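User: Please justify the labels applied to this model, one at a time. For each label, set the value against its criterion and state the conclusion.

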Amino acid sequence: MKSRISFKLFLILLIVFSAVHVFYCPGISDSLIVQESFQTISQRSKMTQEQIEKRGIKSKQVLDAFRKVPRHLFVMEKYRSMAYADRALPIGKGQTISQPYIVAFMTEALSLKSTDRILEVGTGSGYQAAILSEICDTVYSIEIIDSLSRNADNLLKKIGYSNVKIKIGDGYLGWKEHAPFDAIIVTCAPTQIPVPLKNQLAEAGRMIIPVGERYVQELILMEKKNGRLIEKKVLPVLFVPMVDEHGKSY
């Protein structure tokens, strides 16, 4: 009788453990423990392998970041079933969370080191900032839409990404107080590369930015060498426009 009870108890515990996996969130502070289903862990692993690694992303630090960051938490609840799909998704206010591969491509292109000080223009959902914070010790991010900025800031703090600093403001102007930056990543498209961002790039710094009109854009990788900016077109893309506080496109 006792052995039967013990076996039943074992089965119940096994079922509970199989339904919910408890793990430390990937943030620097590891301050929050989150319950996550094996389904989302499996989806994230499959996304990383099939959408990112198989398409040529080789950086171990980038791949590791994508395996860790819970993308579904950065997606609106009604779209969470598609959080790990190979596509961009709406996040409200006419903005989107980018396709996973594009986030990975742009991140890898910057050849980041842990000691790099990085500026992100266009916080959006906060997902790109979370990926960056897995790699770099210090991440600065600017978002012009108040509600998106506050939501992203709250979520990142809740998960435990204490090394991300967010500001509500015009990303075209950069964040002069914390310049120069070793890397700059821009997730909205101006028609020309903003001069303030060029000026805030450190010597040997890298910037990746989509540039062009609303439906015709190129992803440009830029590096500063001996004070000169060297530009290279790397990929055709489609991002939301970079806008000022009045909603006018740059």
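Analyst: Rings of Phe, Tyr and Trp (for Trp, the six-membered ring) form a pair if their centres lie within 6.5 Å; planes under 30 degrees apart are stacked, those over 60 are edge-to-face and the rest are tilted. Ring pairs of this kind link Phe-66, Phe-74 and Tyr-127 into a cluster. The model is predicted, with local features needing pLDDT of at least 70 and side-chain atom pairs pLDDT 80 or more, while totals for chains, interfaces and linings use all residues. Residues are numbered from 1 along each chain as its sequence is written, and side-chain values use heavy atoms, leaving out hydrogens and water.

User: How many aromatic pairs does a search of the whole structure find, and what makes the pair of Phe-74 and Tyr-127 edge-to-face?

Analyst: The search returns 6 aromatic pairs. For Phe-74 and Tyr-127, the centres are 5.8 Å apart and the planes 65 degrees apart, so the pair meets both the distance limit and the edge-to-face limit. Helices (H or I, at least four residues) and strands (E, at least two) are DSSP runs, numbered from the N terminus. Phe-74 lies in the loop between α3 (60-68) and β3 (89-92), whereas Tyr-127 belongs to helix α5 (residues 127-135), 53 residues apart.

User: Are Phe-74 and Tyr-127 buried or exposed?

Analyst: Both are buried, a term for under 20% relative accessible area, with exposed meaning over 50% and partly exposed in between (1.4 Å probe, protein chains only).

User: What makes Tyr-140 and Trp-175 an edge-to-face pair?

Analyst: Their centres are 5.3 Å apart, with 75 degrees between the planes, so the pair satisfies the ring criterion. Tyr-140 is in strand β6 (residues 138-143) and Trp-175 in the loop between β7 (164-168) and β8 (181-186). Tyr-140 and Trp-175 are buried.

User: How do you know that Arg-71 lies over the face of Tyr-127?

Analyst: A charge sits over a ring if NZ of Lys or CZ of Arg is within 6 Å of the ring centre and within 35 degrees of the ring normal. Arg-71 is placed over the face of Tyr-127, at 4.9 Å from the ring centre. Arg-55 is likewise over the face of Tyr-101, at 5.4 Å.

User: Which residues have the most contacts inside the largest nonpolar core?

Analyst: A nonpolar core is a set of buried Ala, Val, Leu, Ile, Met, Phe, Trp, Tyr and Cys residues joined through side-chain atoms within 4.5 Å. The largest has 49 residues, and those with the most contacts inside it are Ile-57, Phe-66, Phe-74, Leu-112, Ile-118, Tyr-127 and Leu-156. Another core, of 19 residues, lies apart from it and includes Trp-175 and Ile-142.

User: Why are the buried residues of α2 said to line one face of the helix?

Analyst: The buried residues of α2 (residues 38-52) are Thr-40, Arg-44, Met-47, Thr-48, Gln-51 and Ile-52. Seen down the axis, they fall within an arc of 110 degrees, so they line one face; the arc is taken from the directions from the helix axis to the C-beta atoms.

User: Why is Gly-124 called buried?

Analyst: Its relative accessible area is 11%, so Gly-124 meets the buried criterion. Gly-124 is in the loop between β5 (117-121) and α5. Beyond neighbours within four places in sequence, Gly-124 is in contact (heavy atoms within 4.5 Å) with Ile-91, Glu-143, Leu-148 and Ala-152.

Definitions and conventions
Expected span 1.5 Å × (residues − 1).
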